Amino acid sequence: MRTKTHWAPSLLALAIASPAMASDLNINGFLSVGASMLDDNKASIAGADNQGGFKNDTVLGLQIQKQVNDSTSATGQLVSRGSDDYSTEAAWAFVTYAANDDLDLRMGRLRIPFFQYSDFLEVGYAFNWIRPPSEVYRVPFSSLDGVDLTQRFSSGSIDGSVQVYYGRFQGDFNTGTDVYASDYRNFAGLALTTNMGNFGTRLSYHQAEIIMDTTDTTTALGAAVGAAGAIGLVPDGVDVGTATGNAALAGLTGVGDTSAAEDFNFTGQTSQFVEAAFTYDDGTYSAVMEWTALEHESSLFLDDQAWLIGVAARVGDFTPHLTYTTEKDSFDSGKEGEIQKQLPLESEQSSIIVGLRYDYDSGTALKLEIQNNDEKTALGADGDSATLYSVAVDVVF
Amino acid sequence: MKILKHSCSILLIGLASSLANAEISVIVSNNNPNTAIDQATVGKIFLGKTKSFPDGSQAVPIDQDDGAAARNAFNSTILGKSSSQLKSYWSRLIFTGKGTPPKQSGNDAAVKQLVANNPNIIGYVDSSVVDDTVKVVHKF
């Protein structure tokens with residue numbers, strides 16, 4: 001009896017120690033509901049039109065996490081997006097093995113760490129905008145299946161992490177107007193983040209070999225592949241689009257060098273993505289700068305650069321913010337570039353976003369936003385400008 | 001000038017008494033070998049940036065309930081963040097599986113009880129409730 005009373009408290013203490021604190025099932029969720037309206041229908045921003053809508057900014061996410069044992073945990077996050085007709089997708093589904101306090105190995109479905117806000121791309125509560133600016137946040141998929149390794153470090157006032165990943169993305173590449181079956185192989189990259197006091201930096205590099213089905217000529221890319229083939233037949237020195245060039249072209253049948261046109265497809269060419277970001281937050285004022293560049297070995301996608309700069313001030317529960325963001329394509333050099341100029345591919349645009357976030361209660365933010373988008377060039381033609389008015393409520397629970 | 005001096009001293013007295021009222025102690029179990037933990041380390045433990053005490057043993061931070069006076073003081077003084085900033089900070093980690101916030105574990109008395117019974121737990125309470133069942137490692 002004595003031994004029993006002696007043992008009971010220490011067993012209890014043992015049970016309360018690490019496992020009990022960690023073995024709970026964590027259930028968290030986020031919900032964003034939004035409404036937006038465009039002042040005219042010429043430009044296109046965030047899927048909105050001039051009839052107003054409640055659907056595009058509406059996102060529901062539910063996450064469960066379970067610490068299976070001291071070193072292993074399982075995490076799943078299901079996301080349902082209004083812009084995707086509320087079909088539910090596993091944005092995350094991975095097992096984490098903590099090799100030690102600072103080194104995690106994860107395997108499964110992971111978010112691709114392209115951007116500063118990639119990890120919590122859909123958790124509206126975690127940032128001031130209603131949605132990250134699409135000029136910079138322009139990659140139409142966000143998760144891959146693979147493995148990653150994250151090493152955290154801390155030294156004096158500096159802390160941060162290095163993340164390396166490898167995997168594959170097989171799925172739809174959705175441009176908003178067309179959908180292409182795609183396969184991103186040998187998808188790999190690394191992201192380095194550091195924080196020092198109020199300052200933060202992030203650098204990342206990513207690459208993949210892309211295979212994409214562009215055989216459907218009713219799609220924009222399919223048509224471009226066909227057109228590139230036709231233009232590719234034109235010999236060097238003949239300027240397509242000019243009167244003399246067209247006259248010269250009319251006299252030719254099937255001559256010329258087609259090798260340039262062969263670069264207009266995705267049969268395993270490598271694409272690369274680089275990103276650099278800088279953040280500042282002193283509790284009252286905050287700023288974010290993010291610069292990105294895409295470089296495609298294939299000529300079917302134009303290389304581009306995009307960046308944003310945003311500032312915000314916290315005034316009690318109110319956070320007014322202002323952002324400028326821009327994206328600009330560039331042509332390849334040589335014959336490929338000449339062909340690209342003939343195709344409806346080029347885009348150049350910028351936006352100014354003015355918004356107000358109001359944290360009216362714990363875990364709840366109300367946001368108002370006005371975005372003026374100026375399309376200088378859209379798919380090779382002169383663009384339009386339009387203004388988007390949005391309101392959203394973001395909740396985390 | 002006199003009036004200015006006078007109002008200044010009232011302000012100082014007011015400030016001093018409000019600080020004295022709100023003195024908070026960061027506490028661990030008597031069985032925890034750590035004796036003093038600096039503010040930066042306490043902050044790192046509560047923000048999930050480190051998972052161990054200075055001696056290497058596992059550290060499990062616990063919070064008081066939302067809205068508790070000690071929690072507001074702890075957030076602003078030790079972590080230097082408002083509650084909505086912290087909510088935003090944790091929402092960036094929770095939904096990436098990179099971390100979970102300290103568990104909400106009740107008031108001063110409940111936190112003291114949990115800390116006393118487990119050498120891995122670290123919490124904070126109003127200094128007025130501290131007794132010999134726990135050990136103070138930091139005060140502010």
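## Strands, sheet and cores of a two-chain model

In chain A of this predicted model, strand β5 (residues 103-111) and strand β6 (residues 143-155) run antiparallel and are joined by nine bridges. Within this pairing, A:Leu105 has A:Leu149 of β6(A) as its bridge partner. Strand β6(A) also pairs with strand β7 (residues 158-174) of chain A, again in the antiparallel sense, through 11 bridges, and here A:Thr150 stands opposite A:Gln163 of β7(A). The hairpin made by β6(A) and β7(A) has two residues between its strands, and A:Gly156 takes a positive phi near 60° in it.

Strand pairing also occurs in chain B, and the table sets three pairings from the two chains side by side.

| Strands | Sense | Bridges |
|---|---|---|
| β5(A) and β6(A) | antiparallel | nine bridges |
| β6(A) and β7(A) | antiparallel | 11 bridges |
| β2(B) and β4(B) | parallel | two bridges |

Chain B contains five helices and five strands, which follow one another along the sequence in the pattern α-β-α-β-α-α-β-α-β-β. Of its 140 residues, 38% are buried, and among its contacts between residues at least 6 apart in sequence, 67% join residues at least 24 apart.

The five strands in the open sheet of chain B are arranged in the order β3-β2-β4-β1-β5, with mixed pairing. Strands β3 (103-104) and β5 (134-139) of chain B each have a single partner strand and stand at the edges, so one side of each is left without a neighbour in the sheet. Further in, strand β2 (residues 60-63) of chain B pairs with strand β4 (residues 121-126) of chain B in the parallel sense, and B:Pro61 stands opposite B:Ile122 of β4(B). Helix α5 (residues 108-117) of chain B packs on this sheet, where it touches β1, β2, β4 and β5 of chain B, and its direction makes about 150° with that of β4(B). Helix α3 (residues 69-79) of chain B lies across β1 (24-29), β2 and β4 of chain B and runs at about 110° to β4(B).

The two chains also meet each other, with 24 residues of chain B in contact with 30 residues of chain A. On the side of chain B that touches chain A, helix α4 (residues 83-94) of chain B gives the most, with eight residues. By class, that side of chain B has three nonpolar, 15 polar and six charged residues. A view from chain A is offered by A:Asn28, which is placed in strand β1 (residues 25-38) of chain A. Is A:Asn28 buried or exposed? A:Asn28 is partly exposed, because 19 other C-beta atoms lie within 10 Å, while 20 or more would make a residue buried. Leaving aside its neighbours within four places in sequence, A:Asn28 is in contact with residues of both chains, namely A:Gln63, A:Phe397, B:Ile94 and B:Phe95.

The largest nonpolar core has 53 residues, of which A:Val123, A:Ala224, A:Ala228 and A:Leu300 touch the most other members. At least two residues of this core come from each of several elements, including β12 (303-313) of chain A and α4 of chain B, and α2(A) gives the most, with five residues. Beyond its neighbours within four places in sequence, A:Leu300 is in contact with seven residues, among them A:Leu221, A:Ala224 and A:Phe264. Apart from this core lies another, of 26 residues, which includes B:Val28, B:Val42, B:Ile62 and B:Val115.

How values were computed
Residues are numbered from 1 along each chain as its sequence is written. Chains are lettered from A and ligands numbered from 1 in the order in which they are written. This is a predicted model: local features need pLDDT of at least 70, side-chain atom pairs count only at pLDDT 80 or more; totals for chains, interfaces and linings use all residues. Helices (H or I, at least four residues) and strands (E, at least two) are DSSP runs, numbered from the N terminus. A residue is buried if 20 or more other C-beta atoms lie within 10 Å of its own, exposed if 12 or fewer, and partly exposed in between; C-beta atoms are placed from the backbone. Two strands pair if DSSP finds at least two bridges between them. Axes are lines fitted to C-alpha atoms, for helices over the stretch in contact, and angles run from 0 to 180 degrees between N-to-C directions. Ala, Val, Leu, Ile, Met, Phe, Trp, Tyr, Cys and Pro count as nonpolar, Asp, Glu, Lys and Arg as charged, and the others, Gly among them, as polar. A nonpolar core is a set of buried Ala, Val, Leu, Ile, Met, Phe, Trp, Tyr and Cys residues joined through C-beta atoms within 7 Å.
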